[in-house]
Amino acid sequence: SITLHKMIVNGSYRLVPLYSCFLTVVCNISPYWRSMSLVSSVKLVNLFELFSSPKFLYSGEKAYKHLALLLEIFNNIIQYQ
């Protein structure tokens, strides 16, 4: 999740179409996470803050789907612990 955060925050605009792919991969492996470092959890919360900001949500028609995938990641982490 640290690498994903770095790619989204510091990446170029050419990576924006791949955000849903990146988040889908993380969402698919999130039920299998058994432990997470403090840095990883903080980075996931930072991504939530980024994706839930009005600037990002109004940036495109399907921007809300990124937030939905991130919420599903949180749900999987909590549910399968």
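Helices here are DSSP runs of H or I at least four residues long, numbered from the N terminus.

**View 1. The whole protein, a predicted model, has 5 helices and 0 strands.** Reading from the N terminus, you meet the elements in the order α-α-α-α-α. The radius of gyration is 12 Å, close to the 12 Å that the globule rule gives for 81 residues, so the protein is as compact as a globular protein of that length. Its C-alpha trace spans about 35 × 20 × 20 Å along the principal axes. Buried residues come to 28% of the 81. Take the contacts with a separation of 6 or more: 65% of them are between residues 24 or more positions apart.

**View 2. Ser30 sits in the loop between helix H2 (19–29) and helix H3 (38–51).** Is Ser30 buried or exposed? Ser30 counts as buried because its relative accessibility is 0%, and the cut-off for buried is under 20%. Leaving aside residues up to four places away in sequence, Ser30 touches Ile73, Asn76 and Ile77. With Asn76 there's also a polar contact of 3.1 Å, side chain to side chain.

**View 3. The largest pocket holds about 450 Å³ of space.** Of the 19 residues lining this pocket, Tyr13, Val16, Tyr19, Phe56 and Ser59 are the closest to its centre. Which helices each supply at least two residues of the lining? They are helix H1 (2–10), H2, helix H4 (54–57) and helix H5 (64–79). Sorted by class, the lining of the largest pocket is a mix of 8 nonpolar, 7 polar and 4 charged residues.

Note on methods:
Residues numbered from 1 in each chain as written. Predicted model: local features only at pLDDT ≥ 70, side-chain atom pairs only at ≥ 80, totals over all residues. Heavy atoms only, no water. Buried < 20%, exposed > 50% of the residue type's maximum accessible area, 1.4 Å probe, protein only. Polar contact = N/O pair within 3.5 Å; in protein donor to acceptor, adjacent residues only side chain to side chain. Contact = heavy atoms within 4.5 Å. 1 Å grid on protein atoms, 1.4 Å probe; cavity = no way out; pocket = protein on both sides within 12 Å on 5 of 7 lines; lining within 4 Å. Points joined across faces, edges and corners; volume = space filled by probe spheres on them. Nonpolar A, V, L, I, M, F, W, Y, C, P; charged D, E, K, R; others polar. Rg over C-alpha atoms; globule rule 2.2 N^0.38 Å.
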